[in-house]
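Trainee: I want to test some labels against their cut-offs. Can we go through a few?

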Amino acid sequence: MSDAPASQEQALRQEILDKVKQYYQLKHAKRPFEPGKTYIGYAGRVFDETEMMALADSGLDFWLTAGRFSALFESSFAKWYGRRSCYLVNSGSSANLLALSALGAKTLGARRLQAGDEVITTSTSFPTTVNPIFQNGAVPVFIDTEVGTYNMDVSRLEEAVSDKTRAVMVAHTLGYPFNLDAVTAFCKKHNLWLIEDCCDAVGATWNGQKVGTFGDMATVSFYPAHHMTMGEGGAVLASSPLLGRALESYRDWGRDCWCAPGKDNTCGKRFNWQLGDLPHGYDHKYIYSNIGYNLKLTDMQAAVGVAQLAKLDSFIKARQDNYFHLLKSLSDYEPYLILPQQHPKAVPSPFGFALTVRDDAPFSRKQIVDFLESRKIATRMVFCGNIVRQPAYKGTHYRQIGELSGSDKIMRDTFWIGVYPGITAQVRDYIVEQFAAFLREKPGWKKN
Ligand SMILES: Cc1ncc(COP(=O)(O)O)c(C=O)c1O
């Protein structure tokens, strides 16, 4: 502890933060968009001096591990989401690993996930939505993905279930909600856990309710491409205290103790527990009830998150505005391109704007992607495409339901472009002009 008077310390801290603000304005203030010259990313960090000041503020604390900003973020984000509790981790992939691993907790009794059990998912995924299933010794069961909604074909769910099925773990891919009426009814009927991967979909709704609040757990990513960022970071939201305890334990080394970093004896009987075969009073800090990990993040990441959270609603709105503008502006090209499709109950909080080249279009995906990239418009594929065709999954143990022909089509002919808040109305107009420049040259094009 320093001996400097608190007022002096506070004044110095403020001076440093004011300098950080000046530095932001000098170094990072926005540059004007130059059509054809400025690269239009598929996503990116959107920030101002408040994030940099929060980062510096936590740097001056020098607490480093999860601390005051993490605690503030966890409670504020759970509130924003309308979920019981939130557990911060160091990435969206870690959030998925944590959520699925927590289903292995013994406290869940007969419903716990064990090696050899099956988890239903979809074949066009981000890899780390599926990898935790393998990593926990369970077996993924792949249902095909639909072109247009880029979500699981829920009509195949009943074919996928077996007496080993314990859970459904699936993403609202690209921020487009999957059919929550069908999936929640199916999970209820078969007594299955539901993990909603909301890494792409924070703020999307189904029937007016936020996706991520239907299942038992929801996962979120704070990588820079996502709706808000901490650089690296993620979170799991839990619906019950039972799952919350399991998540906290698996995240924090598997321990039984729930003291925050730097705290002792929160339970008031640190040296008075009698658990398992351990000697009476063995330090609760070193009692392990689960085979866990350490997936915590640092307080610097959380500090950036606290500043970003204040902007989250405006970020979501900007993404939705861009998405709906593109949907309208590109509708003339539907003879060539399948535009994104949403269920009438779904409002996306889009991660990107997906387009699929139709089988009979007079150009290939490669040609349109090459053209857009040459005009400085970034494009991306829908993650794995058909995951079972990826080299990593050859020779692994999984089940697949039917042909996965939707995923094959997505792998062959789909791409997406950005809708993130850095895409302003001016940038958006430029993107639409470039689609026109490519597509209006094509044989058979005529305005509707
Ligand atoms: C659906 C989905 N799940 C999980 C992740 C992993 O998140 P992270 O990059 O934070 O590990 C991503 C990443 O983009 C994703 O799109």
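Mentor: We start with the whole chain and then turn to one helix. This is a predicted model: local features need pLDDT of at least 70, side-chain atom pairs count only at pLDDT 80 or more, and totals for chains, interfaces and linings use all residues. Residues are numbered from 1 along each chain as its sequence is written.

Trainee: How do you know that the radius of gyration agrees with a compact globule?

Mentor: The radius is taken over C-alpha atoms, and the globule rule is 2.2 Å times the number of residues to the power 0.38. For 448 residues that gives near 22 Å; the protein chain has 24 Å, so the two agree.

Trainee: What makes a residue buried or exposed?

Mentor: Buried means 20 or more other C-beta atoms within 10 Å of its own; exposed means 12 or fewer; partly exposed lies in between; C-beta atoms are placed from the backbone. Buried residues are 47% of the 448 in the protein chain.

Trainee: Why is the span of helix α3 said to agree with expectation?

Mentor: Helices are DSSP runs (H or I, at least four residues), numbered from the N terminus. The expected span is 1.5 Å times one less than the number of residues. Helix α3 (residues 68-81) has 14 residues, so it should span 20 Å; its end C-alpha atoms are 20 Å apart, which agrees.

Trainee: Which residues of α3 are buried?

Mentor: Phe69, Ser70, Phe73, Phe77 and Tyr81. They cover an arc of only 95° around the axis (directions from the helix axis to the C-beta atoms), which puts them on the same side of α3. The face turned away carries exposed Ser75 and Lys79.

Definitions and conventions. Helices (H or I, at least four residues) and strands (E, at least two) are DSSP runs, numbered from the N terminus.
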